[in-house]
Amino acid sequence: MGEIVLPRRMFLWCMAVIYLTAFVSLYVQIPGLYGNEGLLPARWQLRYSGKPLVEQLLSSPTLLWLGPRLGLDTHTAMELLCLIGAALSLAATLVEAFRDSVVFFCLWVLYLSMYEVGQVFLYFQWDNLLLETGFLCILVAPLTLIRGSRGVREHDRVTFWLIRWLLFRLMFASGVVKLTSRCPTWWGLTALTYHYETQCIPTPLAWFAHQLPVWWQKLSVVGAFVIEIAVPFLFFSPLRRLRLGAFYLQVLLQVLIILSGNYNFFNLLTVTLCLSLLDDRHVYFWLRKAYKTDNGNDDSKLWSWLCYLLELVVWALVIVGTVISFDLQLDTVKKGISSRTAFTYHQFNLFLKTVTIPCIWIGVLSLTWEMVTSLFRCACVSGFFKRFWGTVQWTVFAGAAASMFAVSLVPFTFIEYDSNSRLWPGVRQAYEMVDRYQVVNSYGLFRRMTGVGGRPEVVIEGSSDGVTWTEIEFMYKPGNLSASPPVLTPHQPRLDWQMWFAALGPNTQSPWFTSLMYRLLQGKRDVIELIQSDVSQYPFHQQPPAYLRAHRYRYWFTESKADGSFPERWWRRVYDEEFYPIVHLGNSFLEGMLNQYGLKDKSPPRRLSNTTVAQAVRWVRSQVRGVPVPTLIWTLIACSATFCLVQGLRHKNKDVEKPSDAHKATATDRTENAADGSSSDHHEKSDEQQADEEDDKEADSEDEVEEEGEEENEVDEEDEDEERIEKR
């Protein structure tokens, strides 16, 4: 694999943006979810027993234990940590120097602190994925703040390889679990005929995708299986064009998911992981710039033709295997392509047993190759001290990479029991030690397709007299039949998501729903803002409802009319059953449920902290209250991207005005100087070169300078006219 300076920088910038999105999205929802009068107050998760701080951190690794020491209650401390995380991630987005191991460690600790008390509203796979990726960022990012240099490190490819391995585990497991679950819709290739209307929060394009013919939906399922199960093996191909092909297929899948569904930052995070498949050469191709290698020698024509032939063979095998496995045939009657699953569950299970252990060995060989090549690069560094220091760094980070890879094998082999049982017990013990920190996780999305008989949806109704009932409409989840599906990526409304899960079973499976009914009867504004950020849109904003109830409906997308025109409504629905009975404050059923789940706060009300920090946190809250969260997030992202773009253009103009001595830098420094548009790296020059530059500034006239051997050969022909500067 070629140089990865630019993809690594792009990856770190994208991770800073995703952290910013995650912290801002969570921050706005903290009062309603975890506040003292929220659905699941965070302080219930922290039992202050008087133990030493170290013991408390070991029992529950969250910085919220420090709240009382700062004079802050748990709610205020949680908001403060979110604001610090948002500020750090914003700084890392704008300034490259903050894309540092120390900063990413702080971001990881802050998000882990939120996760520890987040309960059901933070137990999503993308939260686990963000924590695992964020931990790897600590190894990938440079120590800029401490060392003061952003130069290329010889072990960078080793640590960056861990991102590729994580991407492989995520995609391969996501494809495998769809078939190991024995879900009839995945085996029958009909999952997407239900998916678009039954996913948590669809987009408007999901309605149009739902109207596509069945043969196309089935073919799309086939494509998803190929991209998630077969293509990930190309991540470790020694041929770069195969890796690039795998990159574009993964990005295509993620973009289609983003267009048809609101999955917050998850798909953006997956695309960020895909950057590990790129190299500097391809990024220069995007930028329409010539990529210059150190030796400048092109591969022989014979070798190039052999590579092309091998690549064609690989893609041909993928296509032929797909045709055979899913019995793809042209259907002239329906004018489409017919498909069906041409293998059995037993055959797939046998395939999984056959490939799981080889997958591990592929990872071992690929990681070993990166380690060996990086060690060779360390040995080729000139200067004893630099070579020694580079070797020490390589030893530390190679050991860390090997450890992370070994521990990740435990959750990866969860997809196949026999392979998991064959792992070395020491690896399993190491996994159990780090499991609580979410540094490695198992993945598997859309294991089973829900809503085959119609999308279940819980609708809450309120009344002031018990006779006339008014539906309480949420901002994002389906409710009003005429309301257009929203577009809110990368924000995740966590209450709306849990309402989707609650509709899949009885109310007893979602204890927090009782707390929601209780808080709405009390008229708690923080909870109401989870439903409508503009409280005036809430039907009972002037006075809380006296009675509440909830019913379950079955929702479907409407169909286009016979003449091809669009219907007036997006949804149609039928009544299913009662989900929650009529309750009011003091109701015996409601009181019993609150006591059963421990949702009623028996402690006396606590006074608000009046420290300077607490007042500052409350002031920030007052400034963002009522602002739509997607608007807030996209404003921050747009401003950050604009700032980075302007900074990049200014740097580009400065580069044009620089003397041509800058072209005498090493090839690595040239690559670094062209990297991230948000900031630039200064080339490290020798004392002699610095003296030459100072003399150039003091010179009063210019004369022609004779070419100087090998150094002048590095100067491009287009820059020869600028090589007329006086030197002393």
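These legends describe several close-up views of one predicted model. Local features need pLDDT of at least 70, and side-chain atom pairs count only at pLDDT 80 or more, while totals for chains, interfaces and linings use all residues. Residues are numbered from 1 along each chain as its sequence is written, and side-chain values use heavy atoms, with hydrogens and water left out.

**View 1. Strand β3 is covered on both faces.**
Strand β3 spans residues 455–463. Helices (H or I, at least four residues) and strands (E, at least two) are DSSP runs, numbered from the N terminus. Nine of the nine residues in β3 are buried. Buried means under 20% relative accessible area, exposed means over 50%, and partly exposed lies in between (1.4 Å probe, protein chains only). One side of β3 carries Arg 455, Glu 457, Val 459, Glu 461 and Ser 463. The other side carries Pro 456, Val 458, Ile 460 and Gly 462.

**View 2. Strand β3 pairs with β5 and with β4.**
Two strands pair if DSSP finds at least two bridges between them. Nine bridges connect β3 with β5 (residues 547–557), and the two run antiparallel. Pro 456 has Arg 554 of β5 as its bridge partner. Two bridges join β3 to β4 (residues 470–471), again in the antiparallel sense. Here Gly 462 faces Thr 470 of β4. Six residues lie between the strands of the β3 and β4 hairpin, where Gly 466 has a positive phi near 80 degrees.

**View 3. A salt bridge joins Lys 477 to Glu 457.**
What brings such side chains together? Side chains of opposite charge can pair when their charged atoms come close. A salt bridge is a side-chain nitrogen of Lys or Arg within 4 Å of a carboxyl oxygen of Asp or Glu. The N to O distance between Lys 477 and Glu 457 is 3.1 Å. This pair links distant parts of the chain, 20 residues apart: Glu 457 sits in strand β3, and Lys 477 in the loop between β4 and α20 (494–502). Lys 477 and Glu 457 are both buried.

**View 4. Arg 169 and Glu 132 form a salt bridge.**
The structure holds 27 salt bridges. In this one, N and O are 2.7 Å apart. Arg 169 belongs to helix α7 (residues 156–180) and Glu 132 to helix α5 (residues 125–140), so the pair ties together parts that are 37 residues apart in sequence. Arg 169 is buried at 3% relative accessibility. Glu 132 is buried too, at 2%.

**View 5. Arg 153 meets an acid and a ring.**
Arg 153 makes a salt bridge with Asp 156, and their closest N and O atoms are 2.7 Å apart. Arg 153 is buried, with a relative accessible area of 6%. Asp 156 is buried at 2%. Arg 153 also lies over the face of Phe 397, at 5.4 Å from the ring centre. A charge sits over a ring if NZ of Lys or CZ of Arg is within 6 Å of the ring centre and within 35 degrees of the ring normal. Elsewhere, Arg 241 lies over the face of Tyr 308, at 4.0 Å from the ring centre.

**View 6. Two rings stack in helix α7.**
How many aromatic pairs does the structure hold? There are 57. Rings of Phe, Tyr and Trp (its six-membered ring) pair if their centres lie within 6.5 Å; planes under 30 degrees apart count as stacked, over 60 as edge-to-face and the rest as tilted. Phe 168 and Phe 172 are stacked, 5.4 Å centre to centre with 10 degrees between the planes. Being four residues apart in helix α7, Phe 168 and Phe 172 are separated by about one helical turn. Phe 168 is buried at 1% relative accessible area, and Phe 172 at 0%.

**View 7. Trp 500 and Phe 501 meet edge-to-face.**
Their ring centres are 4.8 Å apart and their planes lie at 75 degrees, so the pair is edge-to-face. Trp 500 is buried at 12% relative accessibility, whereas Phe 501 is partly exposed at 37%. Ring pairs link both into a cluster whose members include Phe 124, Trp 126 and Tyr 263.
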